[in-house]
Amino acid sequence: MTSEISQMSLEQLVAAIRTCTRCGLHSGRTRAVPGEGPPDATIMFIGEGPGFHEDRQGRPFVGSAGKYLEELLASIGLKREQVYITNVVKCRPPGNRDPLPDELAACKPYLDRQIELIAPKVIVTLGRYSMARYFPGQSISRIHGQARQVGGVIVVAMLHPAAALHQPQWKATIEADFKKLPAIIAQAERLQPTEPPPSPQQLSLF
Ligand code: URA
């Protein structure tokens, strides 16, 4: 099945996610939430997993965290329709608990294939679980706002908008981190796929 996923088109992927039974989360879901956005989006945002409203509507970031994400996007002149938004797990964990390792592993091939097909130039990880894909062993409170090049993509670690909403001292932090994105996007658009990764010194300029 994993090898089948790696061959799917975006449409096939969405259909497979909507009927997926690869982990126990499928039994509690109303709708799976594959993700949405332009298939050729330059920027991809990866959150954690659907919450109550996302599970009801089958769409990512449509509750209060989504409203705040839209405000953050607007602060840098972007609309949600211009970016691709998805999550590390596509079905709601019961009571919004953290996703379990087997659930993350079951969903990983879907996210791998989404990234491969959309081929964004910038990936913004929202929260700990998507950060762990690219910054293993790091702490979000230490590396938020930092960027690193992974292959031809620049990955930026951000706090989760829901965490910033619930802990107001982090609001200013996520808002300042978002303000760094336009320069990072401009830098990513100049990267040639064959260009060697910039040195750590260059990245620390972000
Ligand atoms: N939080 C997430 O991580 N993802 C969503 O889709 C909604 C809230």
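**Ligand site and internal space**

A backbone N or O atom of Glu 48 lies 2.7 Å from an oxygen atom of the ligand in this structure, which is a predicted model. Two side chains also make polar approaches to the ligand: an N or O atom in the side chain of His 160 is found 2.8 Å from a ligand oxygen atom, and a polar side-chain atom of Asn 87 is placed 2.8 Å from a ligand nitrogen atom. Of the 230 Å² of accessible area that the ligand has on its own, 91% is covered by the protein.

The shell around the ligand comprises Gly 47, Glu 48, Gly 49, Glu 54, Pro 60, Phe 61, Asn 87 and His 160. By class, this shell divides into two nonpolar, four polar and two charged residues; with Gly counted among the polar residues and Glu among the charged ones, Gly 47 and Gly 49 therefore belong to the polar group, whereas Glu 48 and Glu 54 belong to the charged group.

The ligand sits in the largest pocket, for which a volume of about 620 Å³ was computed. This pocket is lined by 27 residues, and those nearest its centre are Glu 48, Gly 49, Asn 96, His 160 and Ala 162. The elements that contribute two or more residues to the lining are α3, spanning 52-57, α4, spanning 64-75, and α8, spanning 161-166, with α8 supplying the largest share, namely four residues. In terms of class, the lining of the largest pocket consists of 12 nonpolar, 10 polar and five charged residues. Glu 48, Gly 49 and His 160, which are listed among the residues nearest the centre of the pocket, are also listed among the residues around the ligand.

Apart from the pocket, enclosed space was also examined. Rolling a probe the size of a water molecule over the atoms reveals where empty space remains. The structure holds one cavity of 30 Å³ or more, and about 110 Å³ of space lies in the largest cavity. The lining of this cavity is made up of 14 residues, of which Cys 20, Cys 23, Leu 25, Cys 91 and Cys 107 are the closest to its centre. Eight residues of the cavity lining are nonpolar, two are polar and four are charged; because both Cys and Leu count as nonpolar in this classification, the residues named as closest to the cavity centre fall within the nonpolar class.

Methods: Residues numbered from 1 in each chain as written. Predicted model: local features only at pLDDT ≥ 70, side-chain atom pairs only at ≥ 80, totals over all residues. Heavy atoms only, no water. 1 Å grid on protein atoms, 1.4 Å probe; cavity = no way out; pocket = protein on both sides within 12 Å on 5 of 7 lines; lining within 4 Å. Points joined across faces, edges and corners; volume = space filled by probe spheres on them. Near = heavy atom within 4 Å. Polar contact = N/O pair within 3.5 Å; in protein donor to acceptor, adjacent residues only side chain to side chain. Areas by Shrake-Rupley, 256 points an atom, 1.4 Å probe, with all protein chains shown as cover. Sits in = over half its atoms within 2 Å of the grid points.
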